[in-house]
Amino acid sequence: MLTGDGLEWLHLHDLRHAFATFLLDQGEELRTVMELLGHSTIRMTADTYRHVLPARARQAASAIDRVLGEEGTA
């Protein structure tokens, strides 16, 4: 816990969690995030950050839609 600076509510673990969540949300690979966090398995990372993965799946589906849409109009 950080003390004396008005951030008593903020824990270092919160920053670690935000770091991983932001990376995944921006499209970074799960394996890369796993390695940066020092997790022993990719499953541990996937289970911990499961809440971010549906948004990544939607982004991937949108990317395919864009590719197929562009091919269909060419």
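A polar contact here is a pair of N or O atoms within 3.5 Å, where one must be able to donate a hydrogen and the other to accept it. Keep that in mind for Thr45 and His39, whose side chains are joined by such a contact at 2.6 Å. What you're looking at is a predicted model. The protein chain has four helices and zero strands, so there's no sheet to worry about, given that only helices and strands are the elements counted. Read along the sequence, the pattern is α-α-α-α.

**The chain as a whole**

- Of the 74 residues in the protein chain, 18% are buried.
- Take the contacts in the chain with a separation of 6 or more: 36% of them are between residues 24 or more positions apart.

**How α1 and α2 pack**

- Helices α1 and α2 pack with their axes 10 Å apart, at an angle of about 160°.
- Angles over 145 degrees count as roughly antiparallel, and α1 and α2 are therefore roughly antiparallel to each other.
- The crossing, as α1 passes α2, is right-handed.
- On the α1 side, the residues that meet α2 are Arg16, Phe19, Ala20, Leu23 and Leu24.
- Their partners on the α2 side are Leu30, Val33, Leu36 and Leu37.

**The nonpolar core**

- Eight residues make up the largest nonpolar core: Ala20, Leu24, Leu30, Val33, Leu37, Ala46, Tyr49 and Val52.
- Both α1 (12-25) and α2 (30-37) supply at least two residues of this core.
- The top contributor is α2, which gives three residues.
- Tyr49, one of the core residues, is in contact with Arg16, His17, Ala20, Thr21, Leu24, Leu37 and His39, leaving aside its neighbours within four places in sequence.

**Thr45, tucked into α3**

- You'll find Thr45 in helix α3, which covers residues 42-48.
- Thr45 has a relative accessible area of 0%, so it is buried.
- Setting aside neighbours within four places in sequence, Thr45 is in contact with Leu30, Val33, Met34 and His39.
- Two of those partners, Leu30 and Val33, also belong to the largest nonpolar core.
- His39 turns up as a contact of Thr45, and it is also on the contact list of Tyr49.

**Thr21, on α1**

- Thr21 lies in helix α1.
- Buried means under 20% relative accessible area, so Thr21, at 18%, counts as buried.
- The Thr21 side chain reaches the backbone oxygen of His17 at 2.8 Å.
- Beyond its neighbours within four places in sequence, Thr21 is in contact with Tyr49, His51 and Val52.
- Tyr49 and Val52 from that list are both members of the largest nonpolar core.

**Asp25, also on α1**

- Asp25 has its place in helix α1 too.
- With 35% relative accessibility, Asp25 counts as partly exposed.
- Asp25 and Arg56 are 31 residues apart along the chain, yet their C-alpha atoms are separated by 6.7 Å.
- Once neighbours within four places in sequence are left aside, Asp25 is in contact with Val52 and Gln59.
- Val52 also appears among the contacts of Thr21.

Terms used
Residues are numbered from 1 along each chain as its sequence is written. This is a predicted model: local features need pLDDT of at least 70, side-chain atom pairs count only at pLDDT 80 or more; totals for chains, interfaces and linings use all residues. Side-chain values use heavy atoms; hydrogens and water are left out. Buried means under 20% relative accessible area, exposed over 50%, partly exposed in between (1.4 Å probe, protein chains only). Contact means heavy atoms within 4.5 Å. A nonpolar core is a set of buried Ala, Val, Leu, Ile, Met, Phe, Trp, Tyr and Cys residues joined through side-chain atoms within 4.5 Å. Axes are lines fitted to C-alpha atoms, for helices over the stretch in contact, and angles run from 0 to 180 degrees between N-to-C directions. Angles under 35 degrees count as roughly parallel, over 145 as roughly antiparallel, 65 to 115 as roughly perpendicular and the rest as oblique. A crossing is left-handed if the near helix is turned anticlockwise from the far one by less than a right angle, and right-handed if clockwise.
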